[in-house]
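I opened this entry to check two things. The first was cysteine pairing, and the second was how one pair of helices packs.

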Amino acid sequence: MNPLCVQRAVARTISALFSPPLAAGGMSILLISGVTAPPVHRVGWLAISLLFVTCLPMLYVGVLVARKKVDGFYIADQSSRLMPLLVSSASCVAGYVLLRAAGAPPPLSAFMLSYVVLGLAAAATNARWKISLHGAGVCGPLAMIHHLFGLSAIYWMPLPLAVSWARMVLGAHSLPQVAAGCGIGFVVVRVVTAVYLSR
């Protein structure tokens, strides 16, 4: 098989596995797995998290794809990204409110709130420049891991590096666009989480 074809196949797989909603959902699972609480509470928090940070945003984009309003789940067209980002932020607002009402652990609520801000920041930035949402989506969880575990977050660095490589191999983004996405994702989640949990 052509090495370039293999590279692109690997890149497509990485892009699919670590799309922003799935990466956020994965981080939610990690946060809940480290909590000591009755199973019914943990299941409830997990259901809220996955519904509002993963399922609803993906469902909305799926509807847009089915109606041919966007060019695919990754929305390569910069001008078509605004509404999905705003809908994602709105979904995370609802998720945050429900998590607070359900007595979720503060780190989980902080993470959901940080994705409200991240979605709005990505929408504002995207109005002028097409940053990598994959980069932002994978570096947001990295920032949460860094806040909770410090420098041991470095062991997770292969993930954003692999995602960044994949997006460039597929021609979806340039290096500056990937770097900007990663930077925005990390900084927004790190700052929002630090402020929220310091109260």
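**Disulfides.** I counted zero disulfides. This is a predicted model, and I read the entry with that in mind.

Why is there no bond at cysteine 139? I looked up its closest cysteine sulfur, which sits in cysteine 182 at 3.5 Å. A disulfide needs the two sulfur atoms within 2.5 Å, so 3.5 Å is too far for a bond. I then ran the search from the other end. For cysteine 182, the closest cysteine sulfur is that of cysteine 139, again 3.5 Å away and too far for a bond.

Buried or exposed? I checked cysteine 139 and cysteine 182 in turn. Cysteine 139 has a relative accessible area of 5% and is buried. Cysteine 182 is also buried, at 14% relative accessibility. The cut-off I used for buried is under 20%.

**Helix packing.** I turned to helix α5, residues 106-126, and helix α8, residues 175-197. Their axes lie 8 Å apart, at an angle of about 140 degrees. I therefore logged α5 as oblique to α8. The crossing of α5 past α8 is right-handed.

Next I listed who makes the contact. From α5 I noted Pro106, Pro107, Phe111, Leu113, Tyr115 and Leu118, among others. From α8 the residues include Ile184, Gly185, Val188, Val189, Val192 and Tyr196.

What is the make-up of the contact of α5 with α8 by class? I found 15 nonpolar residues and five polar ones. There are no charged residues in the contact.

Methods. Residues numbered from 1 in each chain as written. Predicted model: local features only at pLDDT ≥ 70, side-chain atom pairs only at ≥ 80, totals over all residues. Heavy atoms only, no water. Buried < 20%, exposed > 50% of the residue type's maximum accessible area, 1.4 Å probe, protein only. Axes fitted to C-alpha atoms, helices over the stretch in contact; angles between N-to-C directions. Helix = DSSP H or I, 4+ residues; strand = E, 2+ residues; numbered from the N terminus. Parallel < 35°, antiparallel > 145°, perpendicular 65-115°, else oblique. Left-handed = near helix turned anticlockwise from the far one by under 90°. Contact = heavy atoms within 4.5 Å. Nonpolar A, V, L, I, M, F, W, Y, C, P; charged D, E, K, R; others polar.
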